[in-house]
Amino acid sequence: MKKFMPVFSALMMMLAGCDTTVTKQEMASVDYGPRPERWKEEIRSYLGIRLTDPKDAIIEFRNEPQQLFQKKTPVRDQQWGWAVCVWVNDKNRAGAYDGFFPMSFVLRNEKIVAVNGGPDDANVIGARYAREQCAQLGAPFIQLR
């Protein structure tokens with residue numbers, strides 16, 4: 001375990017150094033396209049093939065789509081579009097709910113172009129981006145226990 005600590009420490013320092021602040025010029029530099037209309041269906045479809053129990057999962061859409069620009073960093077590509085914060089509580093393989101986790105979805109032209117957090121991005125970086133973007137979208141994630 002001790003041999004992994006330097007690698008983990010270096011990763012955390014790199015992650016902490018990622019500046020995700022976006023300028024007005026960056027926000028204005030891209031075409032977000034029209035506001036999506038079928039965004040809930042698109043997100044439910046995405047989650048339907050990734051969750052353990054999609055039929056009984058609790059999916060909370062925490063905001064209406066808002067324009068979002070995700071700056072390129074060493075750990076994430078640049079993305080832009082209409083973003084939605086979603087809180088998900090899926091059942092585990094034993095059939096019990098594990099608790100909510102945040103996800104952020106970015107859509108353009110009615111299609112998902114980026115996802116932060118969740119089953120396909122279940123790591124410290126994905127969780128950080130999902131939490132930051134949910135807060136930016138007006139839906140800060142607060143874990144209740």
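Start with the sulfur atoms: this predicted model holds 1 disulfide, and you can find it by selecting Cys-85 and Cys-134, whose sulfur atoms are joined at an S to S distance of 2.0 Å. The two cysteines belong to distant parts of the chain, since Cys-85 sits in strand S3 while Cys-134 sits in helix H4, which covers residues 124–136, and the pair is 49 residues apart. If you turn the view to look along the bond, the torsion about S-S is about 95°, and the disulfide is therefore right-handed.

Are these two cysteines buried or exposed? With a surface display switched on, Cys-85 counts as buried at 0% relative accessibility, and Cys-134 is likewise buried, with a relative accessible area of 0%.

Next, colour the whole chain by secondary structure. You should be able to pick out 4 helices and 5 strands, and, if you follow them from the N terminus on, their order reads α-α-α-β-β-β-β-β-α. Of the 145 residues in the chain, 38% count as buried, and the accessible surface comes to about 8,700 Å², with 55% of that area belonging to carbon and sulfur atoms. When contacts in the chain between residues at least 6 apart in sequence are considered, 61% of them join residues at least 24 apart.

Now move to the nonpolar interior. In soluble globular proteins, nonpolar side chains tend to be buried together. Here, select Ile-43, Leu-47, Phe-61, Val-84, Val-86, Met-103 and Phe-105, which are the residues with the most contacts inside the largest nonpolar core, a set of 15 residues. Two or more residues of this core are given by each of helix H3 (39–48), strand S1 (58–61), S3 and S4, and the largest share, 4 residues, comes from H3. A second core, separate from that one, has 10 residues, and to locate it you can select Leu-68, Trp-87, Val-106 and Leu-137, which are included in it.

For the last stop, go to Lys-91, which lies in the loop between strand S3 (79–89) and strand S4 (101–108). Why does this loop residue count as buried? The relative accessible area of Lys-91 is 18%, and buried means under 20%, so Lys-91 falls on the buried side of that cut-off. To see what surrounds Lys-91, display Thr-52, Asp-53, Asp-56, Ala-96 and Tyr-97, all of which Lys-91 touches when residues up to four places away in sequence are not counted.

Definitions and conventions
Residues are numbered from 1 along each chain as its sequence is written. This is a predicted model: local features need pLDDT of at least 70, side-chain atom pairs count only at pLDDT 80 or more; totals for chains, interfaces and linings use all residues. Side-chain values use heavy atoms; hydrogens and water are left out. Buried means under 20% relative accessible area, exposed over 50%, partly exposed in between (1.4 Å probe, protein chains only). Contact means heavy atoms within 4.5 Å. A disulfide is a pair of cysteine sulfur atoms within 2.5 Å. Accessible areas come from the Shrake-Rupley method with a 1.4 Å probe; for residues, only the protein chains shown count as cover. A nonpolar core is a set of buried Ala, Val, Leu, Ile, Met, Phe, Trp, Tyr and Cys residues joined through side-chain atoms within 4.5 Å.
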